[in-house]
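Thank you all for coming; today I would like to talk about pairs of charged side chains, and I will go through them one at a time. Please have a look at the model first.

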Amino acid sequence: MASKPLKVIVFLGTVKENRLGLRVAKFMMQQLTESGHDAVLFDPVEKKLPLLEKAAFFYGGDDAKPALLAEMEQQVKGADAYVIVSGEYNHSIPPALANMMDHFGGSCYAYKPSAIVCYSPGIYGGMRAAMQLRAFLGELGCLSVSNIFGIPRVHNALNEDGTPADSHMVPGAEKLIKDLDWHAHAMRNHREAVGKPT
């Protein structure tokens, strides 16, 4: 890891019963922590944001922003990078993931990198959703790094507590984190040196 730790938000994109994505999120949180980074998990089941009717940036004046939304917005703004943990819903981006991330404007994410960790119980590892996430994350302003960590047959790759049950899991996560680490430090250094475009 180069220089000081990164602030990383891990977005988990599933609310389904018996969801497998929580295993992946726990695993990535552990890997990021072991890499020396400050990782925070945004789990839609725990955060319980409503269906998007009013984004954080639409509040103002006497219209008080809900405390949870305000806290999450500051965390998104303060992050150096994002890790997106996503399965596939009908071969597409899970609605809970898009709903949670869309509560915050593009300026919160801008000029910071993201990394995609996708999974499925089948052989494709969530890659169809990952391809759509590339465009989605690009429009938010947090371009995804070139490496995608895809996890096929995730129920065999990770135990319920997020510990790896497959020898490929840790090397795969390490490769992704190294890629994200490089981009995030480069972008943070440049933001601190010259600021963001206006």
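**Salt bridges in the predicted model**

Let me begin with a small group: in this predicted model, a network of salt bridges links Lys65, Glu73 and Lys77. For those who are new to the topic, side chains of opposite charge can pair when their charged atoms come close. Within the network, Lys65 forms a salt bridge with Glu73, and the closest N and O atoms of the two are 2.5 Å apart. Is each partner buried or partly exposed? Lys65 has a relative accessibility of 29% and so counts as partly exposed, whereas Glu73, with a relative accessible area of 7%, is buried, because buried means under 20%.

Now I turn to Asp80, which forms a salt bridge with Arg191, the closest N and O atoms being 3.4 Å apart. This pair links distant parts of the chain, since Asp80 sits in the loop between α3 (67–78) and β3 (81–86), while Arg191 belongs to helix α8 (residues 169–194), 111 residues apart. Both Asp80 and Arg191 are buried.

My last pair is Arg19 with Asp43, a salt bridge in which the closest N and O atoms are 2.8 Å apart. Arg19 lies in the loop between β1 (7–12) and α1 (21–34), and Asp43 lies in the loop between β2 (38–42) and α2 (44–47), so this salt bridge ties together parts that are 24 residues apart in sequence. Arg19 and Asp43 are both buried.

Finally, how many salt bridges are there by this rule? The count comes to eight.

Conventions
Residues numbered from 1 in each chain as written. Predicted model: local features only at pLDDT ≥ 70, side-chain atom pairs only at ≥ 80, totals over all residues. Heavy atoms only, no water. Salt bridge = Lys/Arg side-chain N within 4 Å of Asp/Glu carboxyl O. Helix = DSSP H or I, 4+ residues; strand = E, 2+ residues; numbered from the N terminus. Buried < 20%, exposed > 50% of the residue type's maximum accessible area, 1.4 Å probe, protein only.
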